[in-house]
Amino acid sequence: MIEVKGVHKSYSKIGGGFFKKDKLHVLKGIDFKIEEGQCIGLIGESGSGKSTLSRLILGLEKPNEGSITIEGKSVKSWIKENPGKMTVVFQDYTSSANPKFTIKQVISEPLVALRKTENMDKVVVELLEKVGLSENLVDRYPHELSGGQLQRVCIARAIATNPKILVLDEAISALDVSIQAQVLDLLKDLKKELDMTYLFIAHDLQAVANLCDEVLFLYQGNIVEKISSDRLAFAENEYAQRLLNSVIPFSIN
């Protein structure tokens with residue numbers, strides 16, 4: 001479904017005197033594939049390049065070197081031929097939803113953009129039901145919902161176009177732990193029901209292991225380990241082992 005090949009990404013930075021330009025090398029030759037129907041987890045600390053990689057896959061930025069293809073086509077070409085078939089859920093649900101929109105307007109926004117407005121009221125109610133929310137919320141505004149409810153609304157909006165690919169960029173990290181578990185369960189159910197391909201970006205190893213088929217460890221712009229989630233205990237890279245050791249539960253005697 002997605003192939004990332006030899007991708008480098010750097011940004012210019014100013015420093016060291018008058019207009020001296022230097023490069024901040026964020027991604028340093030990234031290679032991986034995501035098969036159709038797979039959930040790949042991308043884990044790394046802040047500044048490791050996770051969100052930069054997601055922007056490249058979403059077509060919001062271009063790599064300096066290397067290529068990203070979706071079903072054998074460039075990101076730009078694939079998106080043009082498949083409008084609404086790759087969507088994203090971001091970390092900050094408060095800025096992801098227009099505060100002046102009702103919940104109905106938030107969810108229906110991509111459908112309106114694609115001119116798929118037939119039976120809109122029914123479609124919005126069905127989407128709310130899919131993410132476990134009541135139709136009574138349709139006329140409310142984002143500030144009237146809890147964080148967990150609003151992130152579910154953002155998920156409902158993301159699946160409104162029946163996407164093939166869903167990118168989840170730190171989509172649960174701003175939620176309370178108990179709500180995180182509920183949203184992870186919801187994402188599992190939706191993946192089965194809608195047969196989507198997931199790229200799940202996070203810094204929480206437990207969440208990634210819970211949802212994903214394979215885990216990529218991104219460290220200082222490099223993928224240092226790729227391993228199936230059921231073999232995480234056998235990770236060999238030092239950074240991956242550090243993360244694993246940090247989440248091993250304490251023994252209770």
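This report walks through a sheet, several helices and two single residues of the structure above. The model is predicted, and that is worth keeping in mind while reading.

**The sheet**

A good place to start is the open sheet, in which 6 strands follow the order β6-β7-β8-β3-β9-β10 with mixed pairing. The edges are taken by β6 (86-89) and β10 (222-228); each has a single partner strand, so one side of each lacks a neighbour in the sheet. From one strand to the next, the twist averages 15°.

At the β10 edge, strand β9 (residues 214-219) pairs with β10 in the antiparallel sense, over 6 bridges. Two of the facing positions are easy to find: L216 stands opposite K226 of β10, and V215 has I227 of β10 as its bridge partner. In a regular strand, side chains alternate between the two faces of the sheet. The hairpin of β9 and β10 has 2 residues between the strands, and Q220 there takes a positive phi near 50°.

**Two helices on the sheet**

Next come helices α6 and α7, which both pack on the sheet. The table lists what each one touches and how its direction relates to that of one strand.

| Helix | Strands touched | Angle between directions |
|---|---|---|
| α6 | β6 and β7 (165-169) | about 175° with β6 |
| α7 | β3 (39-43), β7 and β8 (197-202) | about 160° with β8 |

These helices also meet one another. Two packed helices are described by the angle between their axes and the distance between the axes. For α6 (residues 147-159) and α7 (residues 177-194), the axes come within 11 Å and cross at roughly 15°. That angle is under 35 degrees, which makes α6 roughly parallel to α7. Their crossing is right-handed.

Which residues make the contact of α6 with α7? From α6 come G148, R152, I155 and I159, while α7 supplies I179, Q182, V183, L186, L187, L190 and L194. By type, these residues divide into 8 nonpolar, 2 polar and 1 charged. Several of the positions can be read against a general rule: an α-helix has 3.6 residues a turn, so residues three or four places apart point the same way.

**A largely enclosed helix**

Helix α1 (residues 50-57) has 6 of its 8 residues buried, so the rest of the structure largely encloses it. The buried residues are K50, T52, L53, S54, L56 and I57. Just after α1 comes G59, with a positive phi of about 80°.

**Two residues to look at**

Is R157 buried or exposed? This residue of helix α6 has a relative accessible area of 16%. Buried means under 20%, so R157 counts as buried. Leaving out residues up to four places away in sequence, R157 touches S96, A97, V106, I107, E109 and P110.

K104 belongs to helix α4 (residues 103-113). With 28% relative accessibility, K104 counts as partly exposed. Apart from neighbours within four places in sequence, K104 is in contact with M120, D121, V124 and V138. One of these partners, D121, is 17 residues away from K104 along the chain, and their C-alpha atoms are separated by 7.9 Å.

How values were computed:
Residues numbered from 1 in each chain as written. Predicted model: local features only at pLDDT ≥ 70, side-chain atom pairs only at ≥ 80, totals over all residues. Heavy atoms only, no water. Buried < 20%, exposed > 50% of the residue type's maximum accessible area, 1.4 Å probe, protein only. Helix = DSSP H or I, 4+ residues; strand = E, 2+ residues; numbered from the N terminus. Axes fitted to C-alpha atoms, helices over the stretch in contact; angles between N-to-C directions. Parallel < 35°, antiparallel > 145°, perpendicular 65-115°, else oblique. Left-handed = near helix turned anticlockwise from the far one by under 90°. Contact = heavy atoms within 4.5 Å. Nonpolar A, V, L, I, M, F, W, Y, C, P; charged D, E, K, R; others polar. Pairing = 2+ DSSP bridges.
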